[in-house]
Amino acid sequence: MKFSMASIPNGNAQRFIIGVRQSMAIIFIALLLGILSYSFYPFGPLPWSTSNTNQDNKKINPKINKITVQDAWAFYQRKQALFLDARDPLSFRGGHIPGAMNVPPKEVEASLSIIRAKEKEGLRIIAYCDGEACPLAAELAETLRKKGIDSVYVFVNGWPLWRENGYPLEKEVNP
Amino acid sequence: MSEESSFPSQQKLAFIFRIILGFTFLYAGVIKILDPPGFAVILNNHKLLPSWAINPIAILLPWLETVAGACLLLGYWTIGGTLLVCVLLFVFTVAMSVNLIRGLDISCGCFNLSSRTDAITWLHILRDLGFLCMGIYAFLFDRGFCPFKKPCMKRFDVH
């Protein structure tokens with residue numbers, strides 16, 4: 001079988017220039033496909049649309065209460081809260097509020113019975129994540145509210161604020 | 001033996017590297033296209049991008065990987081495809097190295113968007129450096145062999 005070999009420039013500089021032009025074409029096609037696919041994306045807008053705190057707070061369902069770092073600390077000291085860390089497990093292992101449970105929004109079902117039991121004991125359920133624009137805590141709180149957990153709060157920008165105030169934290173040692 | 005009928009071992013190796021990279025990037029791109037929010041979470045965990053950039057990159061980067069991978073496999077724009085793949089691999093390597101030095105316990109998100117995968121290690125970086133070497137070799141020595149003869153005639157339309 002004969003191979004079809006096009007005449008390819010041997011000079012690397014010329015090859016690089018051709019490569020840049022072809023790369024631009026590939027990037028343009030990827031951009032078009034990306035915009036097209038997002039237009040038909042069935043799951044709604046993606047998170048992290050902005051770093052504006054006011055806009056992020058508006059996205060939280062008004063039926064869900066937000067709490068400040070001072071309130072979160074007060075509830076922690078009086079042992080009146082169950083903290084739910086909405087981040088991924090690896091981030092959770094790197095550090096979290098002592099006693100917090102790791103509950104990413106998509107994995108609520110596994111922890112629902114424990115959360116319900118804690119709510120019945122009178123504990124406030126406080127969801128937090130990492131960053132002003134992080135939507136995971138609000139998403140978790142909304143999911144819990146829809147499942148009948150009324151006493152749920154969102155601790156906006158919880159993890160950074162907790163650390164900045166020098167409050168205790170817990171890390172998990174790798175097995 | 002004429003140049004047209006010979007396939008030097010250098011070019012054979014470059015072709016093999018190109019195909020490996022093509023499958024790798026096609027696979028990596030497709031799994032991210034299927035779960036944009038999951039990829040956005042991974043990007044946020046890397047703590048290297050401003051918040052406003054996370055969504056656009058979560059949408060664009062997977063398609064970039066997919067289209068580049070497809071080009072490498074089909075033999076279209078292979079010079080541009082390998083160049084793009086090399087740039088992406090360089091960026092990924094630098095990003096993972098920075099986070100490893102910072103001590104962030106995060107997952108790579110390269111081929112698996114699950115939050116329960118292992119954290120980044122120096123092995124991930126060595127792997128990407130290996131891919132980068134393959135990409136550079138393919139960029140320099142691949143001659144764009146393509147089994148589809150007719151489309152290959154047009155594969156250097158962009159000059």
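This passage walks through a helix pair in chain B, then a sheet and two loop residues in chain A. The model is predicted, so everything below is read from computed coordinates.

Chain B first. Helix H4(B), residues 78–102, and helix H5(B), residues 122–141, have axes that come within 9 Å of each other and cross at roughly 160 degrees. With angles over 145 degrees counted as roughly antiparallel, that crossing makes H4(B) roughly antiparallel to H5(B). As for its hand, the crossing of the two helices is left-handed.

The contact involves a good run of side chains. From H4(B) come B:Ile79, B:Thr82, B:Leu83, B:Val85, B:Cys86, B:Leu89, B:Phe90, B:Phe92, B:Thr93, B:Met96, B:Ser97 and B:Leu100. These meet a set in H5(B) that includes B:Trp122, B:His124, B:Ile125, B:Asp128, B:Leu129, B:Phe131 and B:Leu132, along with B:Gly135, B:Ile136, B:Ala138 and B:Phe139. Sorted by character, the residues of this H4(B)–H5(B) contact come out as 17 nonpolar, 5 polar and 1 charged.

Over in chain A, there is an open sheet of 5 strands, ordered E1-E5-E4-E2-E3, with parallel pairing. Strand E1 (65–66) and strand E3 (101–102) of chain A sit at the edges, each pairing on one side only. E1(A) is joined to strand E5(A), residues 152–155, by 2 bridges in the parallel sense. In that pairing, A:Lys66 has A:Val154 of E5(A) as its bridge partner. Helix H3(A), residues 69–77, packs on the sheet and touches E2 (81–85), E4 (124–128) and E5 of chain A. The direction of H3(A) makes about 130 degrees with that of E4(A).

Two loop residues of chain A deserve a look for their backbone angles. A:Lys79 is not a glycine, yet it has a positive phi of about 55 degrees. This lysine lies in the loop between H3 and E2 of chain A. A:Lys79 counts as exposed because it has 9 C-beta neighbours inside 10 Å, and the cut-off for exposed is 12 or fewer.

A:Asn157 likewise has a positive phi of about 55 degrees without being a glycine. It is found in the loop between E5 and helix H7 (158–164) of chain A. Here the surroundings read the other way: A:Asn157 is buried, since 20 other C-beta atoms lie within 10 Å, and 20 or more is what buried requires. So of these two positive-phi residues, A:Lys79 is exposed, whereas A:Asn157 is buried.

Definitions and conventions. Residues numbered from 1 in each chain as written. Chains lettered and ligands numbered in written order. Predicted model: local features only at pLDDT ≥ 70, side-chain atom pairs only at ≥ 80, totals over all residues. Axes fitted to C-alpha atoms, helices over the stretch in contact; angles between N-to-C directions. Helix = DSSP H or I, 4+ residues; strand = E, 2+ residues; numbered from the N terminus. Parallel < 35°, antiparallel > 145°, perpendicular 65-115°, else oblique. Left-handed = near helix turned anticlockwise from the far one by under 90°. Contact = placed C-beta atoms within 7 Å. Nonpolar A, V, L, I, M, F, W, Y, C, P; charged D, E, K, R; others polar. Pairing = 2+ DSSP bridges.
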